[in-house]
Amino acid sequence: MALLSWLAWELGQWQFSRLDDRKERNAIIERNEAKDPVPVEELLAPGRQVTSEDEWTTVRATGQYDVEDTVYVRYRTNKQRSGVQVVVPLELANGTTVLVDRGWWPTQNRGEVPTDVPAPPSGTVEVVGRVRADATGDATKVTDQSTRAISSVEIGDAIDHETLGGFVELVEETPEAEEPLTLPAEPELDEGPHFFYGLQWWFFGGLAIFGFFYLLYDEWRDRRKASDAAQQPAVDGHGDPGQE
């Protein structure tokens, strides 16, 4: 009982800690989205990781898309449809490249790399988008210009570009594409289920304590009944106590 109650308390605390993290993240998103767009070079640089304080900041970048080095992020769904995120390098005037997640495009099969993705605008393009931090782990490996998660380091090495750290989720581009993709989803600002999960764990802990003491009471009650029954005078077959 003690171990179960302690575990439920700790798990409840963990959920409330996650709730605090979610609230902090939401506050950062709201603050950064309220700012006017800043030049991408002010926040991103080669080899520099995006900090949590800078993520979701709106930036502006001008350059030319390198369509030949497009990378597709597989296993991305939208309204239960299979598809890919289309990441296109944008070559800036200073010679560096920023990765732009231009949006989602459907595929026939899950994990498929499509061949019919509409081209981005040609020539000089002005991009406005949200800064995002790189993913990490094995999912970021790039094979045949496709991956499962976006990492500027892995993609930069694969396409041989000096790439700014992090990437940009497209909000708008000028000029507009003839056939736009489905833009990346807006960040979710809800607080998730952590509050109710925390209460549930604490309820389970309280239930364990209640159950323990209820079992103690039930055991005491059964023993008392047995003791009272043992103290009752014997009764013969005719129902008269003490009759010989």
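In the predicted model, strand β8 makes the greatest contribution to the lining of the second largest pocket, supplying four residues. This pocket encloses about 150 Å³ of space, and its walls are formed by R102, L170, V171, E172, E173, E176, A177, P180, L181 and L183. When these lining residues are sorted by class, six are nonpolar and four are charged, while no polar residue is present.

The largest pocket has a volume of about 320 Å³, and the elements that each provide two or more residues to its lining are β3, β5 (residues 97-106) and β8 (residues 167-174). Of these elements, β3 accounts for the largest share, with three residues. The lining comprises 15 residues in total, and those lying nearest the centre of the pocket are R76, Q85, D101, P184 and A185. In terms of class, seven residues of this lining are nonpolar, four are polar and four are charged.

Strand β3, which spans residues 71-78, also contains R74. The side chain of opposite charge nearest to R74 is that of D144, at a distance of 8.1 Å, and R74 is accordingly without a salt bridge although the residue is buried, the cut-off for such a bridge being 4 Å between a side-chain nitrogen of Lys or Arg and a carboxyl oxygen of Asp or Glu. When neighbours within four places in sequence are set aside, the contacts of R74 are with G83, V84, G111, V113, S146, T147 and R148.

Definitions and conventions:
Residues are numbered from 1 along each chain as its sequence is written. This is a predicted model: local features need pLDDT of at least 70, side-chain atom pairs count only at pLDDT 80 or more; totals for chains, interfaces and linings use all residues. Side-chain values use heavy atoms; hydrogens and water are left out. Buried means under 20% relative accessible area, exposed over 50%, partly exposed in between (1.4 Å probe, protein chains only). Lys and Arg count as positive and Asp and Glu as negative; His and the chain ends are not counted. Contact means heavy atoms within 4.5 Å. On a 1 Å grid over the protein atoms alone, a cavity is a set of points where a 1.4 Å probe fits but cannot get out, and a pocket is an open set with protein on both sides within 12 Å along at least five of seven lines; lining residues have an atom within 4 Å of a point. Grid points are joined across faces, edges and corners, and a volume is the space filled by probe spheres set on the points. Ala, Val, Leu, Ile, Met, Phe, Trp, Tyr, Cys and Pro count as nonpolar, Asp, Glu, Lys and Arg as charged, and the others, Gly among them, as polar.
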